[in-house]
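Here are a few exercises to work through with the model open in your viewer. Try each one before you read its solution.

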Amino acid sequence: MHQPIRDNLEDYLKGQARKMPQDFQAHLAACQECASELRMFETQSEMLRSLGVGAELEPRAGFYARVMDRIEQQGQSSIWSILLQPNFGRRLAVASAALVLLLGTYLVTSERGEPEFAANPDVVFTNAPEAQSAVAQQDSLQQQRERDAVLVNLAGYRQ
């Protein structure tokens, strides 16, 4: 479509064909391509006008009140309303029970055995000097054994 037709297309389609400038009418008579496109636009415009409603429609009485009621009913849901739903609550309870079961199993299986104080409770829970000296002697004896093992390993090392 050429420029003279494009400039005045809206006015022509509104029904102001008699008030068009002379160059518009001259170009329309000379150019068959623009004339065919203009006829196509005219038919589309007529079809669209036939679809339009003659008078403005008003909503039924109480429309705005119903909309506002529906908005208030939906409201904003909080995290607590989600937690209170029955399906979610059951799922949360099952997941929590599974987690407790897994943690309990882990703690029971990862325990290495009896702690040192359980083997000889008298030594740990008494403040007697004899018990403390016995513990000190055992510690020094253990340290001496470890030193001897290191020396044997160094003496027996060959390249």
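**Exercise 1.** Find out whether cysteine 34 is buried or exposed, then work out why it forms no bond with cysteine 31.

*Solution.* Start with the accessible area: this is a predicted model, and in it cysteine 34 has a relative accessible area of 0%, so it counts as buried. Next, look at its neighbour. Cysteine 31 is buried too, at 12%. Now check the sulfurs. The closest cysteine sulfur to that of cysteine 34 belongs to cysteine 31, and the gap is 3.5 Å. A disulfide needs the two sulfur atoms within 2.5 Å, so this pair is too far apart for a bond. Tally for the whole structure: zero disulfides.

**Exercise 2.** Work out which residues of helix 2 are buried and what they pack against.

*Solution.* Step one: scan residues 22-30, and you'll get Phe24, His27 and Leu28 as the buried ones. Step two: look down the axis. These three span an arc of only 100°, so they sit on the same side of helix 2. That fits the usual geometry: with 3.6 residues a turn, α-helix residues three or four places apart point the same way. Step three: flip to the other side of helix 2, where Gln22, Ala29 and Ala30 are exposed. Step four: find the partners. The buried residues pack against helix 1 (3-13) and helix 3 (32-51).

**Exercise 3.** Now zoom out: how many helices and strands does the chain have, and what share of its residues is buried?

*Solution.* Count the elements first: nine helices, zero strands. Then take the 159 residues of the chain, of which 10% are buried. Finally, the chain exposes about 14500 Å², with 57% supplied by carbon and sulfur atoms.

Technical notes:
Residues numbered from 1 in each chain as written. Predicted model: local features only at pLDDT ≥ 70, side-chain atom pairs only at ≥ 80, totals over all residues. Heavy atoms only, no water. Buried < 20%, exposed > 50% of the residue type's maximum accessible area, 1.4 Å probe, protein only. Helix = DSSP H or I, 4+ residues; strand = E, 2+ residues; numbered from the N terminus. Arc of directions from axis to C-beta. Contact = heavy atoms within 4.5 Å. Areas by Shrake-Rupley, 256 points an atom, 1.4 Å probe, with all protein chains shown as cover.
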